[in-house]
Amino acid sequence: MLPQRMKKAVTDNPKKLANLIDLVNLPSSLRDFVGQSQISRLGCFMRVWSYIKTNNLQDPNNKNVVNCDEKLKGILLGKPRIELAELPALIKLHFPKEPK
């Protein structure tokens, strides 16, 4: 079930949903992290989020901050700490834009 805001975005522009769920060939750094050669942007985000939760990388004092370990730094531009709001944008950088 999609959130109301997402439903409106998809109905206004169905291409937005396609950008989230289309399979894309991954660059080597992200391929090693995810363990697959192709994945959707949404699937990649879910894998990264699962990794963060499994390894307790959220700051205990501020759950909106992620303390990156070496493996996570490799795909998030080497940043030692990131805000959760930055995560989708940093993952999106690994997915090339389709030519029009």
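A residue is called buried when its relative accessible area is under 20%, exposed when over 50%, and partly exposed in between (1.4 Å probe, protein chains only). The model is predicted, so local features need pLDDT of at least 70 and side-chain atom pairs count only at pLDDT 80 or more, while totals for chains, interfaces and linings use all residues. Residues are numbered from 1 along each chain as its sequence is written, and side-chain values use heavy atoms, with hydrogens and water left out.

**Exercise 1. Find the salt bridges and classify the partners by exposure.**

Step 1. The criterion is a side-chain nitrogen of Lys or Arg within 4 Å of a carboxyl oxygen of Asp or Glu. By this rule there are three salt bridges.

Step 2. R81 pairs with D59 at 3.2 Å, N to O. R81 lies in strand β4 (residues 81-83) and D59 in the loop between α4 and β3 (65-67), so the bridge ties together parts 22 residues apart in sequence. Helices (H or I, at least four residues) and strands (E, at least two) are DSSP runs, numbered from the N terminus. D59 is buried at 10% relative accessible area, whereas R81 is partly exposed at 45%.

Step 3. K73 and E70 meet at 3.4 Å, N to O. Both belong to helix α5 (residues 70-73) and stand three residues apart, about one turn of the helix. K73 is partly exposed at 23%; E70 is exposed at 63%.

Step 4. K79 bridges to E86, with the closest N and O atoms 3.1 Å apart. K79 is partly exposed at 28%, and E86 is partly exposed at 26%.

**Exercise 2. Classify the aromatic pair and locate its rings.**

Step 1. Rings of Phe, Tyr and Trp (its six-membered ring) pair if their centres lie within 6.5 Å; planes under 30 degrees apart are stacked, over 60 edge-to-face, and the rest tilted. The structure holds one such pair.

Step 2. The ring centres of F33 and Y51 are 4.9 Å apart and the planes are at 70°, so the pair is edge-to-face.

Step 3. F33 is in helix α3 (residues 28-34) and Y51 in helix α4 (residues 41-54), so the pair ties together parts 18 residues apart in sequence. F33 is buried at 10% relative accessible area, and Y51 is buried at 17%.

Step 4. The charged end of K71 sits over the ring of F33, 5.4 Å from its centre. The test for this is NZ of Lys or CZ of Arg within 6 Å of the ring centre and within 35 degrees of the ring normal.

**Exercise 3. Describe the largest nonpolar core and the contacts of L76.**

Step 1. A nonpolar core is a set of buried Ala, Val, Leu, Ile, Met, Phe, Trp, Tyr and Cys residues joined through side-chain atoms within 4.5 Å. The largest has 20 residues, and C44, V48, L72 and L76 have the most contacts inside it.

Step 2. Two or more residues each come from α3, α4 and α6. The biggest share is from α4, with four residues.

Step 3. Contact means heavy atoms within 4.5 Å. Not counting residues up to four places away in sequence, L76 touches C68, I82, L87 and L90.

**Exercise 4. Place H94 and list its contacts.**

Step 1. H94 is in the segment after α6 (87-92), and is buried at 17% relative accessible area.

Step 2. Leaving aside neighbours within four places in sequence, H94 is in contact with P27, S29, L30 and I75.
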